[in-house]
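Trainee: Could you take me slowly through one part of this model, and then show me how that part sits among its surroundings? I would like each term explained as it comes up.

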Amino acid sequence: MIIPFKKTRTSIKEFTEKLSRDGFRQIFDHIDQFNIKKGVDTMGLDKFINQCAYLAAGSGAISGSGGIITMVVGMPVDFVNLITQQFRVTMAIMYYNKGSYRIGFEEFMSLVATSFKVEAGVAMTKTMMEGIAEKLLLTFGVRTAERLIPVVGAVIGGTANYLFVKRMADKVKELYPNATIIIPIS
């Protein structure tokens with residue numbers, strides 16, 4: 001049996017390009033920054049981060065709960081939710097540290113790139129965005145096979161998503177005060 005690795009590699013590259021070109025911006029635009037401010041003001045930063053981690057864990061558990069059937073259907077939803085929760089956490093930390101909940105896309109993606117250890121240059125570039133997408137897909141893809149076993153996959157998916165959001169929150173908290181945020185001049 002010959003497995004079409006070249007086709008798979010091409011599909012992943014195309015998905016990475018599409019995610020970096022359109023997906024991040026769409027997710028960013030659909031997040032209500034004022035609600036993040038209200039959440040942080042009401043719950044505090046750490047409880048808000050926990051809430052986002054639990055929301056990510058929920059979609060991870062659902063996508064892994066029924067084996068291959070729920071994984072195939074649930075993985076895209078889980079992936080988008082994981083990115084959304086990570087973006088919400090990053091915005092919450094930015095708001096908490098700077099006091100303003102209005103965050104521009106370029107400033108935001110520059111911090112995301114730094115937290116993923118992707119080189120952020122003078123301006124937001126296609127390469128930087130693709131680097132973030134590749135890191136996310138790699139992180140997410142490693143856990144895919146583990147979700148094939150019903151019930152066990154739910155525990156693995158939920159736990160992995162929860163830990164991912166919590167670890168990234170810690171990394172962003174550590175980096176934000178010291179990060180060099182480069183805002184392109186338009």
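Mentor: Helix H5, residues 105-115, is mostly covered, with nine of its 11 residues buried; buried means under 20% relative accessible area, exposed means over 50%, and partly exposed lies in between, using a 1.4 Å probe and protein chains only. Helices here are DSSP runs of H or I with at least four residues, strands are runs of E with at least two, and both are numbered from the N terminus. The buried residues of H5 are Phe 105, Glu 107, Phe 108, Met 109, Ser 110, Leu 111, Val 112, Ala 113 and Ser 115. Please keep in mind that this is a predicted model, in which local features need pLDDT of at least 70 and side-chain atom pairs count only at pLDDT 80 or more, while totals for chains, interfaces and linings use all residues. Residues are numbered from 1 along each chain as its sequence is written, and side-chain values use heavy atoms, with hydrogens and water left out.

Just before this helix, in the loop between H4 and H5, comes Arg 102, which is exposed with a relative accessible area of 57%. Arg 102 and Gln 33 are 69 residues apart in sequence, and their C-alpha atoms are 6.7 Å apart in space. As for Ser 115 of H5, it is touched by Leu 175, which also touches Thr 114, not counting residues up to four places away in sequence; contact means heavy atoms within 4.5 Å. Leu 175 belongs to helix H7 and, because its relative accessibility is 22%, counts as partly exposed. From C-alpha to C-alpha, Leu 175 and Thr 114 are 7.7 Å apart, although 61 residues separate them in sequence.

Phe 108 of H5 leads us to the largest nonpolar core, where, of 34 residues, Phe 87, Ile 93 and Phe 108 touch the most other members. A nonpolar core is a set of buried Ala, Val, Leu, Ile, Met, Phe, Trp, Tyr and Cys residues joined through side-chain atoms within 4.5 Å. At least two residues of this core come from each of helix H1 (5-29), helix H2 (33-43), H3, helix H4 (68-98), H5 and H7, and H4 gives the largest share, 10 residues. Leaving aside neighbours within four places in sequence, Ile 93 is in contact with Leu 45, Ile 49, Ala 169, Val 172, Lys 173 and Tyr 176.

Two of the helices that supply this core, H3 (residues 45-65) and H7 (residues 152-175), have axes that come within 7 Å and cross at roughly 150°. Such axes are lines fitted to C-alpha atoms, for helices over the stretch in contact, and the angles run from 0 to 180 degrees between N-to-C directions. H3 and H7 are therefore roughly antiparallel to each other, since angles over 145 degrees count as roughly antiparallel, under 35 as roughly parallel, 65 to 115 as roughly perpendicular, and the rest as oblique. By class, their contact has 12 nonpolar, nine polar and three charged residues, where Ala, Val, Leu, Ile, Met, Phe, Trp, Tyr, Cys and Pro count as nonpolar, Asp, Glu, Lys and Arg as charged, and the others, Gly among them, as polar.

Stepping back to the whole protein, there are seven helices and zero strands, and 43% of the 186 residues count as buried.
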